[in-house]
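Q: Please take a close look at the metal site in this model, and then carry on outward to the surroundings that can be described with care.

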Amino acid sequence: MNIVLVGPPGAGKGTQAESIIETYKIPQIATGDMFREAVSQETELGKKAKEFMNAGKLVPDEVTIGIVRERLSKPDCENGFLLDGFPRTIVQAEALEDIMKDLNKDIEAVVNISVPDEIIVRRIVGRRLCKNCNLVYHVEFNPPKQDGVCDKCSKNLIQRADDQEDTAVNRLNVYATETNPVLDFYAKKGVLINIDGNRARSVVWEDIKKALDKYDRN
Ligand code: AP5
Ligand code: MG
Ligand code: ZN
């Protein structure tokens, strides 16, 4: 299954991706995670992405599209993939159409997780992340068993550089102007699935699973 996850920052894309990739055995391709990895490795890509990310702005389309095209051509995407956080502009959505054509594939479903803005800011400022396995926690809503330590790999949890309240507000504004049109793009194609993300994690997952089971070929 070839799936896209969209939704504002903090909506729960990364959180739900954990269940999706485990259930359907497909790789998660999260452009934000790829950029953060590049920033921490101080690669050329990381140097290009860092300023944009820390300001809550989007990394330029040509940079982002290039890394997604390369990643989707890898053999582990053969039986499906989950895009998390891409596409986020109309230019990216159109580029993804071209990539799919070249690979002889289709985007089958676009899962749109929505959450009201005021809830989102609380989720973002309380988020903690394991840099080693990309698991997502929240100090209040999804705390690790031991404070500040990943349940799975025991590494110390970090806070993302862009998880400050003012940057979160910028990211929400960018989402409204740049990414909302992408939802219309997919609604017109008839592949958009709307999910209310303002409920418990397990309830949100139940809805997503119900919607995605019909695309599972395994
Ligand atoms: P990216 O990493 O994609 O960040 P984002 O879109 O802002 O989304 P987040 O990762 O912040 O939120 P999420 O929806 O994954 O929520 P999560 O599950 O963690 O992008 C970062 C930056 O990279 C961008 O700003 C941009 O600069 C750049 N970038 C990335 N992709 C790009 C692209 N395509 N083009 C250009 N630039 C790009 O959950 C959030 C918190 O809430 C967690 O603490 C979690 O535990 C908690 N939570 C989750 N679900 C629930 C629930 N149901 N109830 C209570 N709490 C919950
Ligand atoms: Mg995420
Ligand atoms: Zn970990």
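A: C130 is buried, because its relative accessible area is 0%, and C150 is likewise classed as buried, given a relative accessible area of 2%. Both belong to the site in this predicted model where the zinc ion (ligand 3) is coordinated by the SG atoms of C130, C133, C150 and C153, at 2.2 to 2.4 Å. The angles that these four donor atoms subtend around the zinc ion (ligand 3) run from 99 to 121 degrees, and the arrangement is therefore tetrahedral. For reference, the ideal angle for four tetrahedral donors is 109.5 degrees. Read along the chain, the donor residues of the zinc ion (ligand 3) follow the spacing C-x2-C-x16-C-x2-C. The pair C130 and C150 links distant parts of the chain, since C130 sits in the loop between β5 (127-129) and β6 (136-138) whereas C150 sits in the loop between β6 and α7 (165-189), 20 residues apart.

The loop between β6 and α7 also holds D162, which counts as buried because its relative accessibility is 9%, under the 20% cut-off. The side chain of D162 makes a polar contact, at 3.0 Å, with the side chain of R160. Leaving aside residues up to four places away in sequence, D162 touches M53, T167, A168 and R171. Of these contacts, M53 falls within the residue range of α3 (44-54), and T167, A168 and R171 fall within that of α7 (165-189).

Turning to the open spaces, the second largest pocket has a volume of about 410 Å³. Its lining is made up of 17 residues, and those lying nearest its centre are R36, E37, S40, K131 and I158. Helices α2 (31-41) and α3 (44-54) each supply at least two residues of the lining of this second largest pocket, with the largest share, five residues, coming from α2.

Following α3 onward, P60 lies in the loop between α3 and α4 (61-72). P60 is partly exposed, because its relative accessible area is 26%, a value that lies between the 20% and 50% cut-offs. P60 and A49 are eleven residues apart in sequence, and their C-alpha atoms are 8.3 Å apart in space.

As for enclosed space, the count comes to one cavity of 30 Å³ or more, and the largest cavity has a volume of about 50 Å³. The residues that line the largest cavity are L5, V6, G7, K13, G85, P87, R88, Y175 and T179. Among the elements involved, β1 (2-6) and α7 each supply at least two residues of this lining.

K13, one of the residues that line the largest cavity, falls within the range of helix α1 (residues 13-24), where Q16 is also found. Q16 counts as buried because its relative accessibility is 4%. A polar atom of the side chain of Q16 lies 3.2 Å from the backbone oxygen of R201. R201 is also among the residues that Q16 touches, together with I113, V204, W205 and I208, when residues up to four places away in sequence are not counted.

Methods
Residues numbered from 1 in each chain as written. Chains lettered and ligands numbered in written order. Predicted model: local features only at pLDDT ≥ 70, side-chain atom pairs only at ≥ 80, totals over all residues. Heavy atoms only, no water. Helix = DSSP H or I, 4+ residues; strand = E, 2+ residues; numbered from the N terminus. Buried < 20%, exposed > 50% of the residue type's maximum accessible area, 1.4 Å probe, protein only. Polar contact = N/O pair within 3.5 Å; in protein donor to acceptor, adjacent residues only side chain to side chain. Contact = heavy atoms within 4.5 Å. Donors = N, O, S within 2.8 Å, 3.2 Å for Na, K, Ca; no water. Tetrahedral: all angles 85-135°; square planar, octahedral: opposite > 155°, others 65-115°. 1 Å grid on protein atoms, 1.4 Å probe; cavity = no way out; pocket = protein on both sides within 12 Å on 5 of 7 lines; lining within 4 Å. Points joined across faces, edges and corners; volume = space filled by probe spheres on them.
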